Amino acid sequence: MKKLDKLILSSFFGPFFLTLAIAEFILLTQYMLKYLDDLVGKDLGFAVIVELLMYFSMNMLPVALPLAVLLSSLMTFGNLGEHMELTAIKTSGISLVRALLPIFVFTILVSCFAFFFNNNIVPKANLKAYSLLWDIRQKKPSLDLREGSFYNGIPGYSIKVGKKYSDGQTLGDVIIYDHTQGRGNTAVILADSGIMTTKFDDKYLSIELFNGKTFVEEANENLRDDGTPFVRQSFRENRIMFNLSSFNLDRTREELFAENKMMKNINQLKYVTDSLERQVARESKLVSTNITPYYTYFRSTQPIVGNKPLSADAKIQKEVPPVNQFILQSATNKARNLRSFTQSFVERLQNTKRETNNFEIEIYRKYTQSAACLIMFLIGAPLGAIIKKGGLGVPVLISILFFITFYVLSILGEKWGREGLLPVVQGMWTANLILLPIGLFFLYQARNDSALLEFDMYRRLMSKLKRNKL
């Protein structure tokens, strides 16, 4: 490897890994905010949170790579241009295209890695991430007794504490309703104070009550209206154990989530897509067979005498019986049934077609996200050579602008493909096909030392226009 290639690559690697980490962090934070309500207050533990973040960070990596390539290539060649190193390279007889070659080769490797990662690693990470997220959603919030309000998180019990002291264990004015017998508020425990602790690796909650009473209503079928018998007991100390197994994070079998499109690679997606397309074709062929009974009409059973063909009017008069109320009602009912059938059939066919498009979108997404790395390099590197500005100022603003443009175009193309407004392949490649000419234009301008983005050029142009007007 030549010294020039080493210089350019060493200037590129630092910004690339830095911007990749920043982009990954921003995208992961934005993505996790959607599930923040499902994570807060459930005492999941550090290991579970780290596991979930690791899986979702794998999901975000193919999205972060194009942004990292765009920003780092723009910063690299902006720095080279700002410090006149790019000018020295051109002066020595080395073209800009040759200077771009080492990073271009590296970007190709990044694109191949992105495709492999998106096709083989991301589906497995999604399977583990979303199955874990489902289990977290099903998990009950952690035990949280608050002063002055009833807590119903423990199955079969309703607990209220009047005072909860700063140590988190001592309670005052405790009321416990026992609903385990399914007879309503027929059993209640009152206590002046209590101490709350967990036992056996937090599997059980123990509340030791002091100076209280227990009231239990007795079931009596022969009860009259003069009152309800109950049993009252006083105690100095009473210990109650609550099972906390419902607060555990129970893991669901991952196979139950494996049919989702996000959990499949390209071969699996193609298999499902082919099956859905065959289903659409099969159902479409059955339309004529299913609607034929709705078009039946009464025919005359009298044979036609002779070989002389009948006129159209005579044929209608001979085959169609006179119209009466019964025929009108029958025709009206068949028309209504036909309309109901066609509406339900079209809706079912559209849903199947939309589901087919969703699986096709996932197939092409793996290609378009990988190709986006090359597109972003073709935009960032020549643009950096044109503006000749490094650092995190102008490059960040320009990168955000192009990335938002790419993201919006991708969302629009995906939506058009899903709804059938465009073929899925065209919708998914729309963003790349629009940005590719822009990147080639920047490359052409940078190769010819264009002053396209220099302020002095526009100032000279304005001065020239003013002189021409005079």
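**Notebook: cores, a pocket and the listed segments**

I began with the largest nonpolar core of this predicted model: it has 69 residues, and Phe16, Leu52, Phe56, Leu65, Phe77 and Phe402 touch the most other members. A nonpolar core here is a set of buried Ala, Val, Leu, Ile, Met, Phe, Trp, Tyr and Cys residues joined through side-chain atoms within 4.5 Å, with buried meaning under 20% relative accessible area (1.4 Å probe, protein chains only). I noted a second, separate core of 19 residues, which includes Leu145, Leu209, Phe235 and Phe242.

Ground rules: residues are numbered from 1 along each chain, and side-chain values use heavy atoms, without hydrogens or water. Local features need pLDDT of at least 70 and side-chain atom pairs 80 or more, while totals for chains, interfaces and linings use all residues.

Next I looked up Phe16. Which residues does it contact, leaving aside neighbours within four places in sequence? I found Leu65, Ala68, Val69, Ser72, Phe106 and Val110 (contact is heavy atoms within 4.5 Å).

Then I checked the UniProt record. Its unreviewed entry lists "transmembrane region" for several stretches, including 12-33 and 424-444; such annotations may be inferred rather than shown by experiment. I saw that residues 12-33 are 95% helix, with end C-alpha atoms 32 Å apart. Residues 424-444 are 100% helix, and their end C-alpha atoms are 31 Å apart. Helices are DSSP runs (H or I, at least four residues).

Terms used. Helices (H or I, at least four residues) and strands (E, at least two) are DSSP runs, numbered from the N terminus. Buried means under 20% relative accessible area, exposed over 50%, partly exposed in between (1.4 Å probe, protein chains only).
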